[in-house]
Amino acid sequence: NPTATTSPAANPDAALMADLDALWSSPYDAAKVATLYAADAVLHDMVASETSTGLEAIQAKVKDYAGQNFKVTTTSAPIRQGDFVAVFVKFGAADAMYPGLGVVELKHGKVLNQWVYPAP
């Protein structure tokens, strides 16, 4: 059927990005962070010019953002190249969302590196 569409749940990259959106947009859940990020993961936040290295540092950043009513919403289908997945996103406080680009590098099914860029 040429009109059939694939549900996001059937696309593992879309499901991963939805899980990451939910992680940053929900009450803080340390265990959920650990299921998505590798122990030696690095978050490169090009918006805030900050780098968070290691699971504990990423958990602290997620916890901080969770306390600020932070939201992330993926606005495009994921694009995969090898171990890298990229999506367009909107992020910020619920009343002020800004466009950006999110890129993750995966290793053994977990995020090893994540880059967040503001829209130009």
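These exercises with worked solutions go through a predicted model of one protein.

**Exercise 1. Confidence**

Task: Find the mean pLDDT of the protein, and say over which residues pLDDT stays under 50.

Solution.
Step 1. Take the whole protein. Its mean pLDDT is 90. A pLDDT of 70 or more is reached by 91% of the residues.
Step 2. Turn to the start of the chain. Over residues 1-6, pLDDT stays under 50.
Step 3. Look for partners of this stretch. The model has zero contacts beyond four places in sequence for residues 1-6.

**Exercise 2. Helix α1**

Task: Compare the reach of helix α1 with the expected value, then find the residue that caps its N-terminal end.

Solution.
Step 1. Count the residues. Helix α1 covers residues 12-25 and has 14 of them.
Step 2. Work out the expected span. The rule is 1.5 Å times one less than the number of residues. For α1 the expected value is 20 Å.
Step 3. Compare. From first C-alpha to last, α1 reaches 20 Å, close to the expected value.
Step 4. Go to the N-terminal end. N11 caps α1 there. A side-chain oxygen of N11 sits 2.8 Å from the backbone nitrogen of D13.

**Exercise 3. The buried residues of α1**

Task: List the buried residues of α1, then explain why S25 counts as buried.

Solution.
Step 1. Make the list. The buried residues are D13, A14, L16, M17, L20, D21, L23, W24 and S25.
Step 2. Recall the helix geometry. An α-helix has 3.6 residues a turn, so residues three or four places apart point the same way.
Step 3. Test S25, which belongs to helix α1. Buried means under 20% relative accessible area. S25 has 19%, so S25 is buried.
Step 4. Find the contacts of S25. Residues up to four places away in sequence are not counted. S25 then touches F70, K71 and V72.

**Exercise 4. Two residues of helix α3**

Task: Q59 and V62 lie in helix α3. Decide whether each is buried or exposed, and name what each touches.

Solution.
Step 1. Place them. Helix α3 runs over residues 55-66 and holds Q59. V62 is found there too.
Step 2. Apply the cut-off of 20%. Q59 has 15% relative accessibility, so Q59 counts as buried. V62 has a relative accessible area of 1%, so V62 is buried.
Step 3. List the contacts, leaving aside neighbours within four places in sequence. Q59 touches Y28, A30, V33 and A34. V62 is in contact with L23, W24, Y28 and V33.
Step 4. Check one pair for distance. V62 and V33 are 29 residues apart in sequence. In space they are 8.1 Å apart, C-alpha to C-alpha.

**Exercise 5. The largest pocket**

Task: Give the space in the largest pocket, the residues closest to its centre, and the element that gives the most to its lining.

Solution.
Step 1. Start with volume. The largest pocket holds about 300 Å³ of space.
Step 2. Go to the lining. It has 20 residues, and the closest to the centre are F70, V72, F91, Q114 and V116.
Step 3. Name the elements that give two or more residues. They are α1, β1 (37-45), α3, β3 (70-74), β5 (84-93), β6 (96-107) and β7 (110-118).
Step 4. Pick the main contributor. α1 gives the most, with four residues.

**Exercise 6. Loops**

Task: Classify M46, S49 and H108 as buried, partly exposed or exposed, and state what is notable about phi in S49 and H108.

Solution.
Step 1. Place the residues. M46 is in the loop between β1 and β2 (50-53). S49 is in the loop between β1 and β2. H108 lies in the loop between β6 and β7.
Step 2. Apply the cut-offs. Exposed means over 50%, and partly exposed lies between 20% and 50%. M46 has 42%, so M46 is partly exposed. S49 has 67%, so S49 is exposed. H108 has 76%, so H108 is exposed.
Step 3. Read phi. Phi of S49 is near 55 degrees, a positive value in a residue other than glycine. Phi of H108 is also near 55 degrees, again positive in a non-glycine residue.
Step 4. Trace the partners of M46. Beyond four places in sequence, M46 touches V116, Y117 and P118. M46 and W115 are 69 residues apart in sequence, yet 7.0 Å apart in space, C-alpha to C-alpha.

Conventions: Residues numbered from 1 in each chain as written. Predicted model: local features only at pLDDT ≥ 70, side-chain atom pairs only at ≥ 80, totals over all residues. Heavy atoms only, no water. Buried < 20%, exposed > 50% of the residue type's maximum accessible area, 1.4 Å probe, protein only. Polar contact = N/O pair within 3.5 Å; in protein donor to acceptor, adjacent residues only side chain to side chain. Contact = heavy atoms within 4.5 Å. pLDDT = per-residue confidence, 0-100. 1 Å grid on protein atoms, 1.4 Å probe; cavity = no way out; pocket = protein on both sides within 12 Å on 5 of 7 lines; lining within 4 Å. Points joined across faces, edges and corners; volume = space filled by probe spheres on them.
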